[in-house]
Structure formats: C-alpha cells, structure tokens
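Here is a friendly walk through one protein chain, with a look at its overall dimensions and its charged side chains. Please keep the structure open as you read.

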Amino acid sequence: MFFSSVISRFFAPKFIEEEAGFIDKDPQHIFVNDKKTFKAMLSVLSQASSCVMDTEADSMHHYQEKLSLIQLSVGKYHWLLDPLCGLNLKSLWKCKALKNITFHACDYDLRLLSNFHGFYPKSIYDTSIAAKLLGERQTGLSALVEKYFGVKLDKGNQRADWTKRPLTPEMCRYAVLDTIYLDAMRELQCKKLEKLGRLEWLQESCEMLLKSSKKSLAEYLGNQKEGWRLRGSNSFKPLELQLLRAAWSWRDKQAQKRDCASYRVLNPYLMLDIVKAAARTKGRISENNLPRLPRNMKGGLLQSFLRELNEAATAPASSFPEPFIRKANPRTAINEDLRDQLRELRNEKAAQLKIDSGLLAKQNQLNILADALHGTWKEKFKAAELMSWQMEIWESLIPKAVLPQTPRELRAWAKERLVKMGTESRAKESEKLVAELSNHPVLASGCIAAFYPAELEPQILPFLNQLAEEDRLLLPRVLDNQNMEFVSIKNLLQDLQPGAFGIMEPKADLPAFEAVPTAFLVPGIVFGKDSTRLGRGAGYYDRFLATHKGIPKLGIAYSAQVRSTLPQTATDVRMNEVLRVKG
C-alpha cells in the first residue's frame, strides 16, 4: 500500500486539473544518449502504466530517411531519446508504459516506429482524433495548446534537420513541447468526451487508426519495389514508362550522392512533364525538347540527365516496362441519387453533432453505402468498414433515405429542397447561372426562347434584360390548356402582364413570333444529370418542344433540383444540356 502511494506521487502529472492551470514556461528534459540515462529512463517506463510520445525524422534533409529523435513524457519526466547514438533500444519497446501511448496525429509516428523498430503499441490515445470528435475547428497541436492552456508554441524548428548533433537548446525546447502538454490535454478532452457520450467513439477510432496504419505500412513497403511509378503515370505508355524509370533512377542516384531528399533534385510533377515531352521527341532528346529545367541543371549534370534519357529511349522496346495492370475492382452499381441523399443526411447529422462530416463517412464509404450490389444495409456497413459508433448513427439515418419515385413525389422533393436552399443561396446560384448564360456559345446570336422565372426558379432576369435590349428575347404565352406560343419582347416592364398561372407573360395584343428560335431555355421542377426533365405536369413545354426537334434545348436549374436520372415517358422531351451550378 505504501509502495503504491509513493509510486502514484512519483508519477503524478505535472499539471493541475483546472483547464487553464497547466502552464510550464520552463520545461526541463533529460537527453538520453548513453547507457546510464537510458537505464534510468527504462526504470520509470517499466513501472508507469502509460506515456506520451512523439517522433522527429529527417526525410526533408537526407536521402535515407531516419528516425532521428523520440520524445517521451511520463508525469514530470520528459526525455529526448537519441535513436542515432548506437543504443540498443529493444528493451524500450517492452516497457509497460509503451503499451498505452498518447500521441498527437500519430499516423506518421506509427509508420516510423514500425518501419525502423518493428514496434506497434497495444493501444493509443490520439489527441488530434479526440479534438475532431469534440468538433474543434483547428486540430493542430499549436492551436489546441493555445486554446486549452493559453500557451503559444514556437514552431520555428518544425522543418529542422533532426540528425544534427548536438541539438540546439531551441530544438530541444521545441521537441519537449510536443509531448509536455498532451497528458493534460488528454485529461481535459476525456472529460468533455465523457460529457458528450463520445469516449467509446474515441477508443474505437484509435483502434481503427492502429489497424489502418498497419495496412498502410504494408502498402507503402509494397509500393517501394516499383517506387519509380509515380502517381499520375498510370496512363503512361511503355516508352513513357521507360523514360520515367530512367529519370527516376538518375534523380535517385543524384539524391544519394548529395545526401538530400529526392524531390530537392527534381520535382516529381516536373519529372512527369519532362517524360511526356521527351516521349514526343523525334530523334535525340535535348534540352530544347523539354520544359524549363531547374536553374542548377546545367553543364555536366544536365548532360548526364540527357544521356540517361537518350539511352533509355534507344534501348530495345522489349525491355520497356509494361503499364501497371491493376486488379479489377469489384463490380459496382452506385445509385447516385441515393448517395446524394446519404451525403445530405450525413452532413445534417454532422452539423447537429458539431463535428466534421467526414468522421461519419468518407466519400468512398458513401459510394459503398449507395452501391446496389452490396445487398443489405448490414452488409454495406461491413463493406464500408464503419465503426460501431458510426453504424449506430447510420442506423438512425437510413430510414430517412427514401428516394422519391413518382412524379408527384419528385415534385414535392424538389420544392422542399428549393425552399430549404434559402433566398441567399438561390440568389448566389442565379448569379452564377446568369454569368454562364451570358458566355454560352449557343446563346451568342439569334432569338432565344426563354422563360420568365417563377419564385422558386432560377432568377435569370439580368440575362433576359440583356436579350431584350438586343431584340433577341422570346417569352411564352399560354393560349389554352394545351398550347402556348412565343412572343418577341423588347421591354420586360412594358410588354408583360400576369398570366393564367400567376407568371408574367406577353400581353395579348403582342403578335406571336413566327420564325424559328436559335435555342430554348427551359424551366423545370426536376432535372436529371442525363438531361432528363420533369415539368409542372401540364405538358406545355413537352408538346411545344416536340415540334422543334433540331433546336438546342437548355434546361436551367438550381443544384437542388438535379438528380442522377428521372423516369421518362414517351412524350417527355430530353434536354440537350442542363445548366446548373455544380457542387
């Protein structure tokens, strides 16, 4: 009993519980780079139940990435462990404290620890994930420390070369501050998460991060075998791949020779552009055939690069690498309308919970949930790899994911969405639509048969005024319950009056337009991305447009009116294009 009380006081965290009470302006640390200090550190870590950890690497400064520093904190103890000093660290990974580690945004840390030391903790607490589940807008360490403790961290050494020894006092202070606040932050976050009922969310999210990190590392190591296949080269032909492999190999040798990061020799995006240009070259590749190269690529360096490219280009075609053949993805049948509705439900729920919507489901997970080939919702949840807490939320949302089917349901669906858009959003989209109409090549000349917008239709009046001033505007006038005609309008204020449906239309004494318009601007209640259209139901436009088959028909819609596709009848007329503001 006495021993345990001593231990608990010995490892008591160096902070008080009050939210604003933990400010250590002069943190002390122990630099661990010999057997004596290492052994002393292990004596504490072997008894503590958990610790805080961070790492530093040198990938921005050297050819061969190295785990350059490991920061560890337990209560009042803060160690900077030098993994480059020759110490055997095997005993470290067996310590009790390293079974439960607090990190901040630890994806990269986990990869470094596993890659260099084959170590994965049993469980983790990630203060970045906790911040996201608490709905924090800024989840970076500096922002959180400043918010929770009123301390502004100096991030000046964020890009420092951590292989340099001795470390400067500024670098040591920077490194210590990466762990010193996390225990206190964890305590504060846990209280808030518990109050919100989200502690289990955090635990499961951290478990998922560990699992996905192991999977990502395996993929990373697998990709290293053909690291020259840069992102963006999947569509390359054999010659382009041959040149890319040569350029990558040259860059790799130069980086190794200079002991610097490969991208500092040649930017990967520029490398892809160089390869494309070189592949188009007839005959010998020279500097004149290539995009502008970095200023230091001249003289012997440039000649060696061009030599590599030319030798690769003139090698036997049989030696060229083949395009990468990806495994066929499982067949999918994504219902885009369902996906859009699921996205809206997700966003509404996330706003209600005050968290980022991606925490409930990412885009690829939404695709799986909307895939008709996955079967039951339970099967979809499993395929999307949703966590238990996410499934629980989605189970409450799924009953609302009912798609409208009949014309009546679709019209009600669209009206509800248009009202929900609000006046300001409709005004912004209308402004963008007017700009698009003004620059549309089909509408540049001739008389345009348009429509006078009702309250919930895109407000395109500025464009109509423009057409009227140019004497190119035609607007519809209802004749009876079956037919309408178009009339030339020169002045919207003087030539219109309220019509049968409460919509402004040409006055009765104005003559009908007898010629053929250049194009039609068509209103609708719902439009499909495949240019299908659903009107108000009276059929005026469908009957009229059916007699003008060769004339371009442009549907004008708010984003809220658009679905993937619509059920069509034999009398429905499809648009040539639907103009809408795309998300």
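A residue counts as buried under 20% relative accessible area, as exposed over 50%, and as partly exposed in between. At 43% relative accessibility, lysine 191 is therefore partly exposed. This is a predicted model.

Lysine 191 pairs with glutamate 187 in a salt bridge, and glutamate 187 is partly exposed as well, at 23%. The two residues sit four apart in helix H7 (residues 182-196), which means about one helical turn separates them.

Two further salt bridges are worth a look beside that one:

| Salt bridge | Closest N to O distance |
|---|---|
| glutamate 187 and lysine 191 | 3.9 Å |
| aspartate 58 and lysine 66 | 3.0 Å |
| lysine 420 and glutamate 348 | 3.4 Å |

Lysine 420 and glutamate 348 join distant parts of the chain, 72 residues apart: lysine 420 belongs to helix H17 (residues 407-438) and glutamate 348 to helix H13 (residues 336-353). Lysine 420 is exposed at 57%, while glutamate 348 is partly exposed at 41%. In the remaining pair, aspartate 58 is buried at 0% relative accessibility, whereas lysine 66 is partly exposed at 27%.

The structure holds 20 salt bridges, and Glu336, Asp340, Arg343 and Lys529 are linked in a network of them. The chain carries 84 positive and 68 negative side chains, with the centres of the two sets 6 Å apart.

Now for the whole chain. It has 19 helices and 17 strands, and 46% of its 583 residues count as buried. Its radius of gyration is 33 Å, where a compact globule of 583 residues would have one near 25 Å. The C-alpha atoms fill a box of roughly 105 × 75 × 45 Å along the principal axes.

Notes. Residues are numbered from 1 along each chain as its sequence is written. This is a predicted model: local features need pLDDT of at least 70, side-chain atom pairs count only at pLDDT 80 or more; totals for chains, interfaces and linings use all residues. Side-chain values use heavy atoms; hydrogens and water are left out. The radius of gyration is taken over C-alpha atoms; the globule rule is 2.2 Å times the number of residues to the power 0.38. Buried means under 20% relative accessible area, exposed over 50%, partly exposed in between (1.4 Å probe, protein chains only). Lys and Arg count as positive and Asp and Glu as negative; His and the chain ends are not counted. The place of a charge is taken as NZ of Lys, CZ of Arg, CG of Asp or CD of Glu. A salt bridge is a side-chain nitrogen of Lys or Arg within 4 Å of a carboxyl oxygen of Asp or Glu.
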